[in-house]
Amino acid sequence: GKKVFFNNPMWPGEAHSLEVKNILFKGKSEYQEVLVFQSSTYGKVLVLDGIIQLTEKDECAYQEMIAHLPLCSLPSPKTVISKIFINLAEAILFGKVFVILSTFVDGLVHWQLLNVVVAAFGYCCNTNLHVRLTLLQCKMQVLVVGGGDGGVLREISRHNSVELIDICEIDQMVIDVSKKFFPELAVGFEDPRVQVHVGDAVEFLRNAPPGKYDAIIVDSSDPVGPAQELVEKPFFETIARALRPGGVLCNMAESMWLHTHLIEDMISICRETFKGSVHYAWASVPTYPSGVIGFLVCSTEGPPVDFVKPINPIEKLEGAPKHKRELRFYNSEIHSAAFALPSFLRREVNLL
Ligand code: AAT
């Protein structure tokens, strides 16, 4: 018994157990052992190489946090104003002064700022001027690394400002098993904005066009097995390269109780790689080892991102997602609270 239960290198000497009602699936893919079982108290459970990846009862906490921490920190609708047009035709029609204002702003302009500019402009040119702005709002492109269950896709699909959701999952078996046993998560694959790439994310990111993504979410397994390289510096460098200036990364970052050193290493790599900001947040997920999971959020150099105060609050999102599922865990208060760190962690990762 001892050997079986207490020998995981990620959390030696401890184990957490769930009562198994019955086993629903057991398979071996090219990359890992895949197991699905019905538990007595947490619903169905997905296990990879003996490690719980999710349970139906508490997956909401992890998936909602890892998706909305980054996406609610980016202004929306994406306020990269590529061009500001004053509607020429209408200006002529109304026989008033017309002005062509064509501004190319290669960065982010905040909505409110734009409103101020428009108001000031209207004021200067007198009120008769009929001005209409046509905003070419570029939409966001997001990449998910891992996450083959589809839960993170389900959460991203709440954001209408996103036009493309790439996902790079290494293991087709995880996708298939999720579609069969976890319809509440796999529903994420039904969003027409989703494009599935089955392959190694290390390779995928090496070939990603520079500056393509607004946000990258790394929902990967622990760094033993296929996810080993996903905590190493070269991987973070390819992520930073694939992000636009001021783009954000949200990376699964283990447990503050069990992996302080791993977290420290990841933070110092990220501080070197991401010249915007680097923050650590955490949430309670009862079935992850030690009952908590962390998230490392980073932004690249560019328009500053304030992760702690969500600029794009979830409560103000427009339109309901097709899957109609309500949020169960995440809200704006939880978002800000997630960045409050215990003193020992602040000291150890030098966040004071
Ligand atoms: N949302 C469920 C939580 C996960 S799933 C992690 C996924 O990452 C798995 O489906 C795995 O196949 C995939 N993965 C692992 N390595 C790679 C890789 N190199 N490229 C692409 N996908 C990969 C994570 C739970 C965290 C548990 C914390 N203890």
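In the predicted model, the largest cavity encloses about 440 Å³ of space. Its lining is made up of 37 residues, and those nearest the centre are Gln53, Asp219, Ser220, Ser221 and Asp222. Several secondary-structure elements supply at least two lining residues each, namely β3, β4, α2 (59–71), β7 (140–146), β8 (162–169) and β13 (292–299). The largest share comes from β4, with 4 residues. By class, the lining of the largest cavity comprises 20 nonpolar, 11 polar and 6 charged residues.

The structure contains 2 cavities of 30 Å³ or more. The second largest cavity has a volume of about 50 Å³. Ser220, Ser221, Pro223, Ala227, Leu230, Val231, Asn251, Met252, Glu254 and Met266 form its lining. Of the residues lining the second largest cavity, 6 are nonpolar, 3 polar and 1 charged. Ser220 and Ser221 appear in this lining and also among the residues nearest the centre of the largest cavity.

The largest pocket holds about 780 Å³ of space. It is lined by 29 residues, and His16, Val47, Gly50, Ile51 and Ile52 are the closest to its centre. At least two lining residues are supplied by each of α1 (2–5), β1 (20–28), β2 (33–39), β3 (44–48) and β4 (51–55). The largest share of this lining, 4 residues, belongs to β2. The pocket lining divides by class into 16 nonpolar, 9 polar and 4 charged residues. Strands β3 and β4 thus contribute to the lining of the largest pocket and to that of the largest cavity.

The ligand is surrounded by 27 residues, of which Gln32, Asp149, Glu169, Asp200 and Asp219 are the closest. Asp219 is also listed among the residues nearest the centre of the largest cavity. An N or O atom in the side chain of glutamine 32 lies 2.9 Å from an oxygen atom of the ligand. For glutamine 63, an N or O atom of the side chain is 3.4 Å from a nitrogen atom of the ligand. In the case of isoleucine 170, a polar backbone atom is found 3.2 Å from a ligand nitrogen atom.

Glutamine 32 is located in the loop between β1 and β2. Its relative accessible area is 4%, which is under the 20% cut-off, and glutamine 32 is therefore classed as buried. The side chain of glutamine 32 makes a polar contact of 2.9 Å with the side chain of aspartate 171. When neighbours within four places in sequence are set aside, the residues in contact with glutamine 32 are Gly27, Leu48, Asp49, Asp171, Val174 and Pro226.

Cysteine 72 occupies a position in the loop between α2 and β5 (81–86). Cysteine 72 has a relative accessible area of 0% and is therefore buried, the cut-off being under 20%. Asparagine 312 is 240 residues away from cysteine 72 in sequence, while the C-alpha atoms of the two residues are 4.6 Å apart in space. Beyond neighbours within four places in sequence, cysteine 72 is in contact with His159, Pro310, Ile311, Asn312, Ile314, Tyr330 and His335.

Technical notes:
Residues are numbered from 1 along each chain as its sequence is written. This is a predicted model: local features need pLDDT of at least 70, side-chain atom pairs count only at pLDDT 80 or more; totals for chains, interfaces and linings use all residues. Side-chain values use heavy atoms; hydrogens and water are left out. On a 1 Å grid over the protein atoms alone, a cavity is a set of points where a 1.4 Å probe fits but cannot get out, and a pocket is an open set with protein on both sides within 12 Å along at least five of seven lines; lining residues have an atom within 4 Å of a point. Grid points are joined across faces, edges and corners, and a volume is the space filled by probe spheres set on the points. Ala, Val, Leu, Ile, Met, Phe, Trp, Tyr, Cys and Pro count as nonpolar, Asp, Glu, Lys and Arg as charged, and the others, Gly among them, as polar. Buried means under 20% relative accessible area, exposed over 50%, partly exposed in between (1.4 Å probe, protein chains only). A polar contact is a pair of N or O atoms within 3.5 Å; within protein, one must be able to donate a hydrogen and the other to accept it, and residues adjacent in sequence count only if both atoms are side-chain atoms. Contact means heavy atoms within 4.5 Å. A residue is near a molecule or strand if one of its heavy atoms lies within 4 Å of it.
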